[in-house]
Amino acid sequence: MTDNKNDNSVPLSRSLTSEVPEHVAIIMDGNGRWAERKGKPRIAGHKAGVETVREIIRSCVEKGIQVLTLFAFSSENWRRPQKEVSLLMSLFLAALQREVKKLHKNGVQLRIVGDTTAFDEKIQAQIEKSEALTRDNDTLVLNIAANYGGQWDITQSVKKLAHEVEAGKLAADDVSADLIRQNLSMSDLPDPDLFIRTGGEQRISNFLIWQLAYTELYFTDILWPDFDRQAFEAALESFAGRQRRFGHTGEQIEKMKNA
Ligand code: IPE
Ligand code: IPE
Ligand code: MG
C-alpha cells in the first residue's frame, strides 16, 4: 500500500496538535453516592448534579471548547427502581424547561442524542421545542445523551445501511467504517478528544463506543456534584500534556506540531 490511509482507519482529530480539546464527552457519575454520603435521598444528588452541569457548560464556553457531550441517562438506567427513574424523568423535563432560554441566550445549540421515542410525550415535545429554538446557535454544541447506548447507536447505523443494501442501493462489499460513521448520532461533529468519567469507576458503560476509538481517557474519583471548575481544569491540563498519535510515531506528530 503506497497510501498511509485506508478506508477503515479512524480519522485524525482536527485538534490533534492542539492543547484545548474541541469535543469533551463526560460520564457524570457519582450523584447517588454523593447524596447517600450526606444522608440524603439519591435524587438530591441528581439535583446537585444539574448545578455542576451549569458550571461545566460555562467553563466550556469560556475556554472555547466547541462540543460538550454529557451522558445523562443510559439505555441501561431503566433498570433502576421505578421511583428513581420517574424522578429522573421529571428532573430532566424540569431542567429542559428551565434552562433552554438561558442556553439559547448564551449561543448554545442543544441536541438530545439517543432513542428519544421511549420518553413520554411531554418530554419529547420539550426536546423538539428546545432543539428547534437553539438550532442555529454555534458558540457551543451541547449534546445530552438520554436513553443513549453506544450499542444502540451502532445498531441503528448498521440497520440504515442494511436497508440500503436490501433496496439494492448499496453493495454489501461497500459497507465501510466511513459509512457506519456517517450514520451514527453526531456524525456531523468531530469525535470526542477528551473523555472524562467522574465517580471513580473506570468503565465506558455503553457510552460512545464507536466515537471513543481514539479519545484520551480521564478518570477521577470526584463525585459529579463535587466536580467543579478546578477539577475540570485538572482534566484539561492532563489532556494538554498528552501526545496523541493516531498510529503515527511521536516524531511524526512533533513535525506536524511545528509545521
Ligand atoms: C449518575 O449518577 C447519574 C445517572 C446515572 C442518572 P449515579 O446515579 O449513577 O450515581 P452513583 O453511581 O449511584 O453514585
Ligand atoms: C452511566 O452511569 C450512565 C450515566 C452517567 C448517565 P451508571 O452509574 O449508570 O453506570 P454503571 O451502570 O455503574 O456502569
Ligand atoms: Mg453510577
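Here follows a dialogue on the pockets and the ligand of this predicted model.

Visitor: What are the ground rules for numbering and for side chains?
Guide: Residues are numbered from 1 along each chain as written, chains are lettered from A and ligands numbered from 1 in written order, and side-chain values use heavy atoms, without hydrogens or water. In this predicted model, local features need pLDDT of at least 70 and side-chain atom pairs pLDDT 80 or more, while totals for chains, interfaces and linings use all residues.

Visitor: What makes a space a pocket?
Guide: The grid has 1 Å spacing over the protein atoms alone; a pocket is an open set of points with protein on both sides within 12 Å along at least five of seven lines. A cavity is a set where a 1.4 Å probe fits but cannot get out. The largest pocket has a volume of about 1,100 Å³, volume being the space filled by probe spheres set on the points.

Visitor: Which residues are closest to the centre of the largest pocket?
Guide: Met28, Val53, Phe71, Ala72 and Trp224, out of 46 lining residues. Lining means an atom within 4 Å of a point. α3 gives the largest share, 10 residues. Helices are DSSP runs (H or I, at least four residues), strands likewise (E, at least two), numbered from the N terminus.

Visitor: How does that lining divide by residue class?
Guide: Into 25 nonpolar, 9 polar and 12 charged. Asp, Glu, Lys and Arg count as charged; Ala, Val, Leu, Ile, Met, Phe, Trp, Tyr, Cys and Pro as nonpolar; the others, Gly among them, as polar.

Visitor: How do you know which space ligand 1 takes?
Guide: The test asks for more than half of a molecule's atoms within 2 Å of the grid points. By that test, ligand 1 sits in the largest pocket.

Visitor: What makes a residue part of the shell around ligand 1?
Guide: A heavy atom within 4 Å. Met28, Arg33, His46 and Leu88 are among the residues around ligand 1. The shell holds 3 nonpolar, 5 polar and 4 charged residues. α1 gives the largest share, 3 residues.

Visitor: Why is the pair of Arg33 and ligand 1 called a polar contact?
Guide: The limit is 3.5 Å between N or O atoms. A side-chain N or O atom of Arg33 is 2.7 Å from an oxygen atom of ligand 1, so the pair qualifies. Arg42 brings a polar side-chain atom to 2.9 Å from a ligand 1 oxygen. The protein buries 87% of the 380 Å² that ligand 1 exposes alone, by the Shrake-Rupley method with a 1.4 Å probe.

Key: A polar contact is a pair of N or O atoms within 3.5 Å; within protein, one must be able to donate a hydrogen and the other to accept it, and residues adjacent in sequence count only if both atoms are side-chain atoms.
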